[in-house]
Every structure is written in C-alpha cells, then in structure tokens.
Amino acid sequence: MSRIAIYPGSFDPLTNGHMSLIHRGLKIFDGLVVAVANNPDKTPLFSIQERKQLIADAVAGDARVEVDSFDGLLVDYAKKRGVHTVLRGLRAVSDFEFEFQLANMNRKLDPQFDSIFVMTGEDYFYVSARLVREVARFGGDVSDLVPGNVLEALLRKYGQSKRIS
Ligand code: ADP
C-alpha cells in the first residue's frame, strides 16, 4: 500500500524552501499531493492556475508528485481525497505556534487527520513566499531562493525593467 500525504500551502509563489520540503517529503512518503489553497482573505500575486502551473513545471517529470488546488477546509479536501496525512514545514519557533494550533484544530475537525512536520534545512530557514514577493517587487535578487521558472514568472510579473539577476 502506498503512503500518500497532502502538502498544502499558498505557494504564492513556490520557493526553494517549498522544493526542499517536497524533496524531503518524498523520502518519507511514496507520493505527495501538493495542494494550493484558495484563501479568499488574501489577494494573491499569482492566480491559483499560475501557482499550479509553476509547481507542475518545477517538479516536472516526477510522477510521485500531483499538483491540485482546494477551496474551503483542508480536512474536507483531505477526506474527499481519502488522504489523512498532511506534510508541513517548520522554519522557526515562530512557525511552531501557528502550526501547533492548526494541527490540533484539524484533528478536532477530523480525528483521523494527522500532520507530519519536517524542519527546513539551514539554507532555507529564512525563505518565505511573502519575503520573496517583497524582495522581487523592489528588484532584489531572489535567484537563489526560487526555482528558475518561478524567477522568470516574477520577472514577467514585475516587469523586465527591474532586473532580478
Ligand atoms: P509561506 O509561509 O512561505 O507563504 P506557505 O503558506 O505556502 O508558504 O507554506 C506551506 C508550508 O510550507 C508551511 O508548512 C510552511 O511552514 C512551509 N514552508 C514554507 N517555506 C518553507 C521553508 N523555507 N522551509 C520549510 N518549510 C517551509
């Protein structure tokens, strides 16, 4: 029986921190569903479709990774998919409190639900999608922080006039 986990997040956009988590998750699980959350409270930089495409292109060729999106509660999406384990990353102590609350809330909503946490490597502990967006917007160099296709997409979004490389 293969073990599958859902890796949910905003991925706005996908960063090397996310990629590191995907690679490490694949050492634990046979397959991952990278699930882009549609959060109605946030105005994203990239649309759901763009975010899915960027992830699909970045993991291209790895049949163990499926890219999907979901609306509403993660536990409902997980039930619909018949998957009860999610993969989440911990960057710093600051992530812990929120993730701890979320994991417990999810377990309250669905007792079968479980969360597996993987700690980030020291290379990426400071990388968040929000910081990548902010640095890229003002023309800062994010080439070491995101996959090549995401870098290109950021350049297109923010205009070639602000060269990032
Ligand atoms: P962000 O917080 O960067 O906007 P998401 O909301 O998409 O990213 O996060 C999805 C999951 O990936 C969360 O569990 C988050 O902790 C994890 N994650 C994001 N960036 C990193 C990183 N650099 N290292 C480890 N985990 C990360």
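Mentor: Before we start, a residue is called buried under 20% relative accessible area, exposed over 50%, and partly exposed in between, using a 1.4 Å probe and protein chains only. This is a predicted model, where local features need pLDDT of at least 70 and side-chain atom pairs count only at pLDDT 80 or more, while totals for chains, interfaces and linings use all residues. Residues are numbered from 1 along each chain as its sequence is written, and side-chain values use heavy atoms, with hydrogens and water left out.

Trainee: Okay, try me on S115. Is S115 buried or exposed?

Mentor: S115 counts as buried, because its relative accessibility is 16%. You'll find S115 in strand β5, residues 114–119. Helices (H or I, at least four residues) and strands (E, at least two) are DSSP runs, numbered from the N terminus.

Trainee: And how far is S115 from V146?

Mentor: Their C-alpha atoms are separated by 25 Å, with the two positions 31 residues apart along the chain.

Trainee: What about V93, buried or exposed?

Mentor: V93 counts as exposed, at 72% relative accessibility. It belongs to helix α4. From the C-alpha of V93 to that of A58 it's 28 Å, and the two are 35 residues apart along the chain.

Trainee: Got one in between? Where is N38, say?

Mentor: N38 is in strand β2, and at 36% relative accessibility it counts as partly exposed. N38 and D71 are 33 residues apart in sequence, yet their C-alpha atoms are 5.2 Å apart.

Trainee: New topic: the inside. Which residues touch the most other members of the largest nonpolar core?

Mentor: Those are I22, V142 and L154, in a core of 31 residues. A nonpolar core here is a set of buried Ala, Val, Leu, Ile, Met, Phe, Trp, Tyr and Cys residues joined through side-chain atoms within 4.5 Å.

Trainee: Which elements give two or more residues to it?

Mentor: Two strands, β1 (4–9) and β2 (31–38), plus the helices α1 (16–28), α2 (48–58), α5 (129–137) and α6 (148–158). The biggest giver is α6, with 5 residues. There's also a second, separate core of 11 residues, and V33, F70, A78 and V86 are among them.

Trainee: Since you mention α6, where is A153?

Mentor: A153 is in helix α6, and it counts as buried because its relative accessibility is 6%. Its C-alpha is 9.2 Å from that of F46, though the two are 107 residues apart in sequence.

Trainee: On to the ligand. How many residues surround it?

Mentor: There are 18, and the closest are Y7, S10, G89, Y124 and A129. To count, a residue needs a heavy atom within 4 Å. Elements supplying at least two residues each to that shell are β1, α1, β4 (85–90) and α4 (93–109).

Trainee: Which residue puts a backbone N or O atom 2.8 Å from a ligand oxygen?

Mentor: That's A129. Two side chains also reach ligand oxygens: a polar atom of H18 lies 3.1 Å from one, and a polar atom of R88 lies 3.2 Å from one. A polar contact is a pair of N or O atoms within 3.5 Å; within protein, one must be able to donate a hydrogen and the other to accept it, and residues adjacent in sequence count only if both atoms are side-chain atoms.

Trainee: Last thing, what's going on in the loop between β1 and α1?

Mentor: P13 sits in that loop, and the peptide bond joining D12 and P13 is cis, with omega about 0°. F11 is in the loop between β1 and α1 too.

Trainee: What's the phi of F11 like?

Mentor: It's positive, about 50°, although F11 is not a glycine. F11 also counts as buried, because its relative accessible area is 2%.
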